[in-house]
Amino acid sequence: GTMRLVLHDETPKHKANFIRLIDSVYYDGLLFHRIIEKFMIQGGDPDSRTAVAGQALGNGDIGYLVPAELIPTLFHKKGALGAARDDRPDKASSAVQFYVVQGRTWNDEDLQKQIERGRARGSSRQFTDAQKQMYKTVGGTPHLDGNYTVFGQVIDGLSVIDSIAKQPRNLKDRPLADIRMKVKGEWVKKKKITKQYSYAYLK
């Protein structure tokens, strides 16, 4: 299916990098190589382009990182586009690997546990009441907040995330059947996006 996303102006380094890769047709043919239901779907590993069945994926890169852009108003609600990274103290992002959040909804007790889990991993993120309400109603992955850069949001096609996330996978979370992507970009006025998809931009 088709997912439509916006890229956030508040994360200019990640936005510019992603646009550059899309314009070079980098992502076409790569796999969603890691899927975990009620968590996220991940892709962008260059090694996945020619990967054989069962090959371990997730370590591919193109030789540079993108500095972290951890913006408190951008958080890991369902449909958030985030940048994958390894366990670096500066939280710099992979230039190519990304994930799209599926997540789940949380009650008050479990949400607090997720917030504390994120803090144990180095996050100092303070959650607003509106963000907490979003996690309790729409869902997401709150323990990632403050630790991974969110640089976009799915505004149409959330069901595609659900469809990919539920596919059969092996013990390393790679789908048993290859799920290849095709990514293209388009400049669209914000007013048109808001009107067509009821998406509210940050003020």
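Here are three short exercises, with worked solutions, on a predicted model.

**Exercise 1.** Find out how strands E2 and E3 pair, and what the hairpin between them looks like.

*Solution.*
- Step 1: Start with E2, which covers residues 32-36, and then go to E3, made of residues 40-43.
- Step 2: Check the direction. The two strands pair in the antiparallel sense, over 4 bridges.
- Step 3: Pick out one pair of partners: Ile35 is bridged to Ile41 in E3.
- Step 4: Look at the turn. The hairpin has 3 residues between the strands, and Lys38 takes a positive phi near 70° there.

**Exercise 2.** Decide whether Gln42 is buried or exposed, and list what it touches.

*Solution.*
- Step 1: Locate Gln42 in strand E3.
- Step 2: Compare its relative accessibility with the cut-off. Buried means under 20%; Gln42 has 8%, so it counts as buried.
- Step 3: Leave out residues up to four places away in sequence, and Gln42 touches Leu31, Phe32, His33, Arg34, Ala84, Gln97, Phe98 and Tyr99.
- Step 4: Turn to the partner strand. E2 is largely enclosed by the rest of the structure, because 4 of its 5 residues are buried.

**Exercise 3.** Place Leu57 and describe its surroundings.

*Solution.*
- Step 1: Leu57 sits in the loop that runs between E3 and strand E4 (65-66).
- Step 2: Not counting residues up to four places away in sequence, its contacts are Leu31, His33, Asp45, Asp47, Ser48, Ala51 and Arg174.
- Step 3: Now take Met181, which is 124 residues from Leu57 along the chain; 16 Å separates their C-alpha atoms.

How values were computed: Residues are numbered from 1 along each chain as its sequence is written. This is a predicted model: local features need pLDDT of at least 70, side-chain atom pairs count only at pLDDT 80 or more; totals for chains, interfaces and linings use all residues. Side-chain values use heavy atoms; hydrogens and water are left out. Buried means under 20% relative accessible area, exposed over 50%, partly exposed in between (1.4 Å probe, protein chains only). Contact means heavy atoms within 4.5 Å. Two strands pair if DSSP finds at least two bridges between them.
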